[in-house]
Amino acid sequence: MLDRRHLDERGRERRQVGGGAGAGEGHGLGGDVVGQAGEPGGHGGDAERVEPQQADRGLGRRRQGVVDGQAGDLVARPRPGRALRVGIGGPVGSGKTELVSCLCLAFSGDLSVAVITNDVFTTEDAAILEAKRVLPVERIVGVQTGCCPHTAIRDDISENLDALDALEERFSPDVLLLESGGDNLTATFSKALVDVQIFVLDVAGGDKVPRKGGPGVTGADLLVINKTDLAPMVGADLDVMRRDSAAVRNGKPTHLISLREDPTAASVAEWVREQVRARALQTT
Ligand SMILES: Nc1nc2c(ncn2[C@@H]2O[C@H](COP(=O)(O)OP(=O)(O)O)[C@@H](O)[C@H]2O)c(=O)[nH]1
Ligand SMILES: [Mg+2]
């Protein structure tokens, strides 16, 4: 076991927080599931190495998180009772906000949820969720990052971390959903920020995209290929997307879905529930 210590330094003030207070088979949840479920959470025991420089940049501002004894290893360590923190990334327009909206509705009967959205210059996505009334407005926080979306979820995570902590403290939710601003295929969340990561691709981006790989596609705990309803319109071959994502994801799951056709996002919602259950086991 690695020796771990807690960091308890207070983060700097938020700049702006708005918006009110080998392929396996599917599991029959409507949606098209590739790959095995794998270890729930994906970050439970194995600290994934991050660049020392990257870890250093966040340390002075990080309130919560754990540094392993080895310099440069940084993971978010679950503490009992804390919400599962789910990062949702992917290119602009792939359906991240739509997925957040669908998940909020799917969980409305069984899980307590709060949401953070990231936009570069606005709080547009928070406003969309508020207008849809998928959650009480005080549970939706828009963080205006003012910088590259990737930076705010991987390098300088303090604003998002503060916003997560504030929602945690106020609502003690079961799940915190954190939507990144739209970014490219390299986008990944710091493991000091979220427990699990979902990366959302758009079928209309073309069936070549999964095989292009990139850390977002290859490293996410769950890859969602959304808008399967558009495949005939754009000439995308879903079998190719299914095959290529399985080839680059080393057994981690990929769900092909259409939020237009299944607004309950059934397979993704069930995957998140599995992570919540697994995390509860890890922390008890
Ligand atoms: N046809 C179709 N459109 C979708 C689907 N999911 C989302 N959209 C639409 O795609 C657009 C971008 O979605 P949004 O969630 O804002 O993308 P984001 O930029 O990744 O947050 C919106 O107009 C959505 O209504 C889907 O499964 N099928
Ligand atoms: Mg969005």
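A crossing of two helices is called right-handed if the near helix is turned clockwise from the far one by less than a right angle. In the predicted model described here, helix α2 passes helix α10 in such a right-handed crossing. The contact between these two helices is formed by Leu 99, Leu 103, Ala 106 and Phe 107 on the side of α2, and by Val 268, Ala 269 and Val 272 on the side of α10. By class, the residues of this contact comprise 7 nonpolar, no polar and no charged. The axes of α2 and α10, the latter spanning residues 266–283, lie 10 Å apart and enclose an angle of about 65 degrees. Since angles of 65 to 115 degrees count as roughly perpendicular, α2 and α10 are therefore described as roughly perpendicular to each other.

Helix α2, which covers residues 96–107, also packs against helix α3, residues 124–132, the two axes coming within 10 Å and crossing at roughly 35 degrees. Here, too, the crossing in which α2 passes its partner α3 is right-handed. On α2 the contact involves Thr 97, Val 100 and Ser 101, which meet Asp 125, Ile 128, Leu 129 and Lys 132 of α3. The composition of the contact between α2 and α3 is mixed, with 3 nonpolar, 2 polar and 2 charged residues.

Helix α2 further takes part in the surroundings of ligand 1, giving the most to the shell around this ligand, with 3 residues. Of the 17 residues around ligand 1, those that come nearest are Gly 95, Lys 96, Thr 97, Glu 98 and Arg 260; Thr 97 is also one of the α2 residues that meet α3. The shell around ligand 1 divides by class into 3 nonpolar, 8 polar and 6 charged residues.

Two residues that are not glycines adopt a positive phi, namely Arg 133, with a value of about 55 degrees, and Lys 227, with a value of about 70 degrees. Arg 133 is placed in the loop between α3 and β8, the latter being residues 140–144, whereas Lys 227 lies in the loop that runs between β11 (222–226) and α8 (231–234). As regards their surroundings, Arg 133 is exposed, because 11 other C-beta atoms are found within 10 Å and the limit for an exposed residue is 12 or fewer. Lys 227, by contrast, has 25 C-beta neighbours inside 10 Å and so counts as buried, a class that requires 20 or more.

How values were computed: Residues are numbered from 1 along each chain as its sequence is written. Chains are lettered from A and ligands numbered from 1 in the order in which they are written. This is a predicted model: local features need pLDDT of at least 70, side-chain atom pairs count only at pLDDT 80 or more; totals for chains, interfaces and linings use all residues. Axes are lines fitted to C-alpha atoms, for helices over the stretch in contact, and angles run from 0 to 180 degrees between N-to-C directions. Helices (H or I, at least four residues) and strands (E, at least two) are DSSP runs, numbered from the N terminus. Two residues are in contact if their C-beta atoms, placed from the backbone, lie within 7 Å. Ala, Val, Leu, Ile, Met, Phe, Trp, Tyr, Cys and Pro count as nonpolar, Asp, Glu, Lys and Arg as charged, and the others, Gly among them, as polar. A residue is near a molecule or strand if its C-beta atom, placed from the backbone, lies within 6 Å of it. Angles under 35 degrees count as roughly parallel, over 145 as roughly antiparallel, 65 to 115 as roughly perpendicular and the rest as oblique.
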